[in-house]
Amino acid sequence: MVLLFACAVPRAHGYTKESPEVRAMVDKAKKFLEDKSEEQRLGGRCLIGLVFIKEGEKNHRFVKEAIEECQKAVGEGNAGDVYSNGLAIIFLSDLDANTYKKELQFFMDAMLRRQKQHGGWGYDGRETGDTSQSQYGCLGFWEAYQHSVSINTGSIDRVARWLINTQDPSGAWGYQGVVGAPGQLKEQSEITCSMVSAAMGSLLICADLIGILEPSAKAKEKNNLPAQIIIKSDRNASRPRLSGSTINREQLLQAVERGDAWMDKHYEVKIERYTSYYLYALERYKSLQAVLDGSKDPEPEWYNNGVRYLMETQGEDGSWETGCGFECDTAFSILFLIRSMETAYGKLGEGAAFAGRGIPRDLKNAKIRGGQLVISKPKANLVDFLGDLDDDKLAEMDDVIAGNSPLDIGEVDEKSIRQLRQMVRGDQPAARIVAVKALAQTGDFEQVPTLLYALAHPDPRLAIEARDGLRFISRRFEGFGLKDKFTREEQLEVVDKWVKWYQGVRPDSAVVLD
């Protein structure tokens, strides 16, 4: 047989923010900003400065220029328009909320004063709120709160109600929000994926601030569990919630559900105008949606679609231009590519189930201890995982991955081996990991090619499982390195070493990594 060694840089399923192709786009775009940016607006400068803060370059000249522009605005008593106002709050909060407390408070006070009576933000002289502008009020206050700056609970309640009351009957939102009576949604105009992403991101931000957004919150609601039950998570201890909110939990979650349903039907990556601006909002919405669902797909389809679109449209000089100007569109695109909201939020849903199935349908083994839901975990049988995967099976997989349930593989026949190999190359993240665990437990040298494929996968948890499996089967317990936290370059170097080792042991066997 011929060794089919595809290459040492395999692509299994899509992209992550650490993928070489993504990093190449980001670096090229940053160079464009450094070489050619002439942005003078307060909001634009804060947006570009934010890019370099997110990239760990707080001393970059663009950051310093944005600070100076903020301080100039404070001195003149002019917070700019809503967009600039919100971006200044986001920028200063991310930079250093304590050092720039005076400047930050100025912009927060201005944002609070300009919030309209119905709860939204919008143009001066217009009664209606603006879905596009309101997202920057929400995001600005959320960012400040993450950095221990006090915010007004009433303001968050008002914008949440405005978002609920301006939702179209279809589940979408328009550009200018027309307020309907509670329970009587009004038809909206200028509905786009961009506006729906803006509204959904804002609504989920409100949910997070008042304590509704938490790992597997939808599952808890579905199972009619009491609101006081806590699904144990590091986030519960580290992220205090605003007190005194009067928002109706059920109404908010129903609005989110309607919005998700609309987006499922109408989602597209490319829109007529302002695509980069839209992608920035989309990443925020989808990152928070993942918290609510408890999902943690390292390579979601929406992100891969966005990456491919940006690959196709990036200019030779590294820029993008979709309606907001070269500098701002390039900054928005970078923030999408580096998953800025996911990074800001921290480890999404840490402590929750791997794929949002932390609460099984069958609660007969569940007990409440100290306000926490505790479920006893029996031994997981591999046979139960083969075939069609429903939510309960996937929930059991989460337990195996987390180490809460041992995996009993029993007698594994050739048919089961084929199914496990297919699962490794499938589209269920949890199933892939459990399949790698099972193949490694067989101790069968014939499973090495599949484990090499998994080792090269962009999902770091799958790669770590494959690393451990290869060490077990090969009896090379130190392997070829690869720490639990690694770069893509380090990962591919180790893949190359394992492939060469296997080629030396089995020169006539095939390995397909792509």
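**Exercise 1: charges over rings**

Find what lies over the face of Phe62, and what sits over the ring of Tyr453.

*Solution.* Start at Phe62 in this predicted model. Arg61 lies over its face, 4.3 Å from the ring centre. Now jump to Tyr453: here the charged end of Arg425 sits over the ring, and the distance to the centre is 3.8 Å.

**Exercise 2: an aromatic pair**

Work out how the rings of Tyr277 and Phe332 are arranged, and which parts of the chain the pair ties together.

*Solution.* Step one: searching the whole structure turns up 15 aromatic pairs, and Tyr277 with Phe332 is one of these pairs. Step two: check the geometry. The centres are 5.4 Å apart and the planes make an angle of 80 degrees. Anything over 60 degrees counts as edge-to-face, so that is the label for this pair.

Step three: place the two residues. Tyr277 belongs to helix H12 and Phe332 to helix H14 (residues 326-337), so the pair links parts 55 residues apart in sequence. Both Tyr277 and Phe332 are buried.

Step four: look around the pair. Tyr277 and Phe332 belong to one aromatic cluster, together with Tyr83, Tyr136 and Tyr280.

**Exercise 3: the cavity**

How many cavities of 30 Å³ or more does the structure have, and which residues line the largest cavity?

*Solution.* First, the count: a search of the whole structure gives one. Its volume is about 60 Å³.

Next, the lining. Go through Leu50, Lys54, Ile90, Leu139, Glu143, Tyr280, Arg284, Ser340, Met341 and Ala344. Tyr280 should ring a bell, as a member of the aromatic cluster above.

Then sort the lining by class: six residues are nonpolar, one is polar and three are charged.

Finally, see where they come from. Helices H2 (42-54), H6 (131-146), H12 (275-293) and H15 (340-345) each supply at least two lining residues. H15 gives the most, with three.

**Exercise 4: two cysteines**

Decide whether Cys324 and Cys328 are in a disulfide or in none, and whether each is buried or partly exposed.

*Solution.* The structure holds zero disulfides. Take Cys324: the nearest cysteine sulfur is that of Cys328, 6.7 Å away. A disulfide needs the sulfur atoms within 2.5 Å, so Cys324 is in none. Seen from the other end, Cys328 has Cys324's sulfur as its nearest, again at 6.7 Å, and is in no disulfide.

As for accessibility, Cys324 has a relative accessible area of 22%, so it is partly exposed. Cys328, at 7%, is buried.

How values were computed: Residues are numbered from 1 along each chain as its sequence is written. This is a predicted model: local features need pLDDT of at least 70, side-chain atom pairs count only at pLDDT 80 or more; totals for chains, interfaces and linings use all residues. Side-chain values use heavy atoms; hydrogens and water are left out. On a 1 Å grid over the protein atoms alone, a cavity is a set of points where a 1.4 Å probe fits but cannot get out, and a pocket is an open set with protein on both sides within 12 Å along at least five of seven lines; lining residues have an atom within 4 Å of a point. Grid points are joined across faces, edges and corners, and a volume is the space filled by probe spheres set on the points. Helices (H or I, at least four residues) and strands (E, at least two) are DSSP runs, numbered from the N terminus. Ala, Val, Leu, Ile, Met, Phe, Trp, Tyr, Cys and Pro count as nonpolar, Asp, Glu, Lys and Arg as charged, and the others, Gly among them, as polar. Rings of Phe, Tyr and Trp (its six-membered ring) pair if their centres lie within 6.5 Å; planes under 30 degrees apart count as stacked, over 60 as edge-to-face and the rest as tilted. Buried means under 20% relative accessible area, exposed over 50%, partly exposed in between (1.4 Å probe, protein chains only). A charge sits over a ring if NZ of Lys or CZ of Arg is within 6 Å of the ring centre and within 35 degrees of the ring normal.
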